[in-house]
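Okay, thanks everyone, let's get going. I'll put the sequence and the structure up on the screen, and then I'll walk you through what I found.

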Amino acid sequence: MSDMQWIAIMIVSGIGLSICLYFMHKSKHGVPGLKAIDPDFQWPDMSMSYTPDKLFTTFDGIGKEGQKKLKRLWLIDFAFIICLLGAMAYITNKNVLIDVIRYVMYGAATARAVLDAAENMLLMAVSDAYPKTKRTRMAKISSIVTLGKWVMMGIWIAGLFVQLGIRSVQISGS
């Protein structure tokens, strides 16, 4: 890919991330709107993991109207996932010089995006069925997927630090 294509990816990703983050964390369509319904609301996606009971308590706290808002929040999150993947790919491409580290980071970024999308779909399915049906097994699986998403993010960040360490050794050895 050319430098201009990478720059275009970063510009589009940066603008997309900014718009998504605004709607997710600053507008009534996101977390602030849910906190207006339930001041104790915590977005399950931001936890490392959660129990089905914690998830069902969250749904109870925000009620049916809040669950509709939460579903819209997850739909916004799909756009965020794509934009974050673009930004992570750009950062990896521009900063990681060692092929094996770069490919591990590309893999971790892609796996993080896939797991995040799967997490959203699982959580929406659990939410859609609740309170009529408690999809406890699906809630447990979504928690495991959430943990996997965060592990992949950690691997990607670790790759940046490994590359930084290698570069600092190279620079100090010059």
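So, in what order do the elements of the protein run from the N terminus on? The answer is α-α-α-α-α. That's five helices and zero strands. Before I go further, please keep in mind that this is a predicted model.

Let me start with the overall picture. The C-alpha trace spans about 65 × 30 × 25 Å along its principal axes. There are 174 residues in the protein, and buried residues make up 41% of them. Now look at contacts between residues at least 6 apart in sequence: 77% of those join residues at least 24 apart.

On to the helices, beginning with H1. How far apart are the end C-alpha atoms of H1? They are 32 Å apart, and the 23 residues of H1 should span 33 Å at 1.5 Å a residue, so the two values agree. The buried residues in H1 are Trp 6, Ser 13, Gly 16, Leu 17, Cys 20 and Met 24. And what covers them? The cover includes helix H2, which is 31-37, along with H3 and H4.

Now jump to the other end of the chain, to H5. This helix has 38 residues and reaches 55 Å from its first C-alpha to its last, close to the 56 Å expected at 1.5 Å a residue. H5 has a long list of buried residues, so I'll just give you some of them: among them are Ala 139, Val 145, Met 153, Trp 156 and Gln 163. The cover over the buried residues of H5 includes H3 and H4. If you were taking notes on H1, you'll remember H3 and H4 from the cover there too.

Let me zoom in on one residue of H5, Ser 143. Is Ser 143 buried or exposed? Buried, with a relative accessible area of 7%, and the cut-off for buried is under 20%. Leaving aside neighbours within four places in sequence, Ser 143 is in contact with Met 48, Ser 49 and Tyr 50.

Next, the cysteines, since somebody always asks. How many disulfides does the count come to? Zero. Just as a reminder, a disulfide is a covalent bond between the sulfur atoms of two cysteines. Take Cys 20: the closest cysteine sulfur is in Cys 83, and at 4.9 Å that is too far for a bond, because the sulfurs would have to be within 2.5 Å. Seen from the other side, Cys 83 is in no disulfide either, with the sulfur of Cys 20 as the nearest one at 4.9 Å. As for exposure, Cys 20 counts as buried at 6% relative accessibility. Cys 83 is buried as well, with a relative accessible area of 13%.

Now for the loops. In the loop between H1 and H2 you'll find Lys 28. Lys 28 has a relative accessible area of 60%, so this lysine is exposed, the cut-off being over 50%. Apart from neighbours within four places in sequence, the contacts of Lys 28 are Gly 33 and Lys 69. Lys 28 and Ile 11 are 17 residues apart in sequence, and their C-alpha atoms are 26 Å apart in space.

The loop between H4 and H5 holds Pro 131. What kind of peptide bond joins Tyr 130 and Pro 131? A cis one, with omega at about 5°. That loop also has Lys 132, which is exposed with a relative accessible area of 80%. From Lys 132 to Ile 15 you go 117 residues in sequence and 39 Å in space, C-alpha to C-alpha.

Last stop, the pocket. What is the volume of the largest pocket? About 180 Å³. Its lining has 14 residues, and Met 46, Phe 80, Arg 112, Asp 116 and Trp 150 lie nearest the centre. The elements that give two or more residues to that lining are H1, H3, H4 and H5. By type, the lining divides into eight nonpolar, one polar and five charged residues.

That's what I've got, and I'm happy to go back to any part of it.

Key
Residues are numbered from 1 along each chain as its sequence is written. This is a predicted model: local features need pLDDT of at least 70, side-chain atom pairs count only at pLDDT 80 or more; totals for chains, interfaces and linings use all residues. Side-chain values use heavy atoms; hydrogens and water are left out. On a 1 Å grid over the protein atoms alone, a cavity is a set of points where a 1.4 Å probe fits but cannot get out, and a pocket is an open set with protein on both sides within 12 Å along at least five of seven lines; lining residues have an atom within 4 Å of a point. Grid points are joined across faces, edges and corners, and a volume is the space filled by probe spheres set on the points. Helices (H or I, at least four residues) and strands (E, at least two) are DSSP runs, numbered from the N terminus. Ala, Val, Leu, Ile, Met, Phe, Trp, Tyr, Cys and Pro count as nonpolar, Asp, Glu, Lys and Arg as charged, and the others, Gly among them, as polar. Buried means under 20% relative accessible area, exposed over 50%, partly exposed in between (1.4 Å probe, protein chains only). The expected span of a helix is 1.5 Å times one less than its number of residues. Contact means heavy atoms within 4.5 Å.
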